[in-house]
Protein chains: 2
Amino acid sequence: MNYPEPITRLIEAFRRLPGVGPRSAARMTWHVLNGSYDDAVEMARAVVGVHKNITRCTACGNYTDTASNPCPICADPERDAATICVVESAEDVLALERAGGYRGVYHVLGGTFNPASGKGAAAIRSGELVQRAKNGPVNEIIIATNPSIEGEATALYLAEILEPLGLQITRPAHGIPMGADLEFLDGDTIARAMSARRRMENK
Amino acid sequence: MNYPEPITRLIEAFRRLPGVGPRSAARMTWHVLNGSYDDAVEMARAVVGVHKNITRCTACGNYTDTASNPCPICADPERDAATICVVESAEDVLALERAGGYRGVYHVLGGTFNPASGKGAAAIRSGELVQRAKNGPVNEIIIATNPSIEGEATALYLAEILEPLGLQITRPAHGIPMGADLEFLDGDTIARAMSARRRMENK
């Protein structure tokens, strides 16, 4: 027996979500079906709402409410606009904000530099970054792209195009994560942490 | 930093789905946000669609397209309407249909008999079941509620109210599932399988 068409349609819509297999999609569909009509309408509105009511901050490229553009971070006078942290995605901004401690602003690339697959300089908003560095008084640009092959390539590319501006260009330290167990850590991380070892400070 | 309100709203809507934690809900939300507007509209329509276009079959209580009521199983002249398999939910119908082999019809209770928590005889459509058994020519009623405490209690209750009709009332066999490894099977299942052991047939 096949599911009735409206059920199949919702299962397929849920299956397109990341990490959702056929069984989870079916369970979610039953949940919606067994739930109230009002809950279904609320979910539908929320799904469309993120497209209607969310936009990219014109300054940093992070997601923001259409009513707050530039975004709350760029608009915050307490944040240091002379320090720009460059990240691949809006999700990375959230991870950094959750971690706390950083008081500068951001620049969201929206991907990694990979001309071979059509992700050229324009696609990653690198021109906008150079422009921001030229316009505002900027002291430091922290290139916090991921420590992957693409992220490293992007960091190198950005460092190259920013170099003529004579700013301080940094990259977050890479090494052994807090709370990690050496035994279960990948070799790349260990090797990198070892070669970047630092002298212990006297207490 | 908090998420912009439209994002929080969608994360919360996804979190209400079964098996979706805060991280999965956020990932799903980014997926919708990074996807096309058309995909979001399609998902929204599908979510509302299961409420608008799906109804309960007036005969068996299974979910069906509003355009096909009674449902395709009840309407199928090839199915044996004199054999009714009673299940807790529409999901169980699908599991049985996937397994194949059963050619009778169904009766979906929509829950288990549990008067203490307000799930009385009316809530589980037991009156409708008795009515069907009285009306149609019915030979056998298979009570396929789950082998849980509630499912067993429901089976006993149904057997009691159906008893005066003098029909054949059966329950699927419980025991060791095919392909299972005794070593990893729960004790209840093993004990039940042992006490319900059957003589091997000569080949």
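User: Which residue in β5(B) does B:Thr83 stand opposite?

Analyst: B:Thr83 stands opposite B:Glu140 in β5(B). Bear in mind that this is a predicted model, where local features need pLDDT of at least 70, side-chain atom pairs count only at pLDDT 80 or more, and totals for chains, interfaces and linings use all residues. Residues are numbered from 1 along each chain as its sequence is written, chains are lettered from A and ligands numbered from 1 in the order in which they are written, and side-chain values use heavy atoms, without hydrogens or water.

User: What makes β3 and β5 of chain B a pair of strands?

Analyst: First, the names. Strands (E, at least two residues) and helices (H or I, at least four) are DSSP runs, numbered from the N terminus. Two strands pair if DSSP finds at least two bridges between them. Strand β3 (residues 80-87) and strand β5 (residues 140-143) of chain B have four bridges, in the parallel sense. Four meets the cut-off, so they pair. Strand β5(B) is also joined to β6 (residues 168-170) of chain B by three bridges, again parallel. There, B:Ile142 stands opposite B:Thr170.

User: Why are β4 and β6 of chain B said to stand at the edges?

Analyst: Look at the order. Chain B has an open sheet of four strands, β4-β3-β5-β6, with parallel pairing. Strands β4 (104-108) and β6 of chain B each have a single partner strand, so one side of each lacks a neighbour in the sheet. The twist from one strand to the next averages 25°.

User: How do you know that helices pack on this sheet in chain B?

Analyst: By contact, which means heavy atoms within 4.5 Å. Strand β3(B) is one place to look: B:Ile84 stands opposite B:Ile141 in β5(B). Helix α5(B) touches β3 and β4 of chain B, and its direction makes about 155° with that of β4(B). Helix α6 (residues 126-135) of chain B lies across β3, β4 and β5 of chain B, at about 150° to β4(B). Angles run from 0 to 180 degrees between N-to-C directions; the axes are lines fitted to C-alpha atoms, for helices over the stretch in contact.

User: What is the strand order in the sheet of chain A?

Analyst: The order is β4-β3-β5-β6, an open sheet with parallel pairing. Its edge strands are β4 (104-108) and β6 (168-170) of chain A, each paired on one side only. Neighbouring strands are turned by 25° against each other on average, direction ignored. Strands β5 (residues 140-143) and β6 of chain A share three bridges in the parallel sense. One of the bridge partnerships is A:Ile142 with A:Thr170.

User: Why is the link from B:Glu42 to A:Arg9 called a salt bridge?

Analyst: The rule asks for a side-chain nitrogen of Lys or Arg within 4 Å of a carboxyl oxygen of Asp or Glu. Here the closest N and O atoms are 3.0 Å apart. That is within 4 Å, so the pair qualifies. A search of the whole structure finds six salt bridges over all chains. B:Glu42 lies in helix α3 of chain B and A:Arg9 in helix α1 (residues 5-15) of chain A, so this pair joins two chains. Across the interface of chain B and chain A, the rule finds two salt bridges.

User: How many residues are in contact between chain B and chain A?

Analyst: On chain B, 52 residues are in contact with 52 residues of chain A. The buried area is about 4900 Å², with 72% from carbon and sulfur atoms. Buried area is the accessible area (1.4 Å probe) that two parts lose on being put together, summed over both.

User: What makes A:Arg125 stand out?

Analyst: A:Arg125 has a positive phi of about 55° although it is not a glycine. A:Arg125 is found in the loop between β4 and α6 of chain A.

User: Which peptide bonds are cis?

Analyst: Among them is the bond from A:Asn69 to A:Pro70, with omega near 5°. A:Pro70 is found in the loop between β2 (63-65) and α4 (72-75) of chain A. The bond from B:Asn69 to B:Pro70 is also cis, with omega near 5°. B:Pro70 lies in the loop between β2 and α4 (72-75) of chain B.
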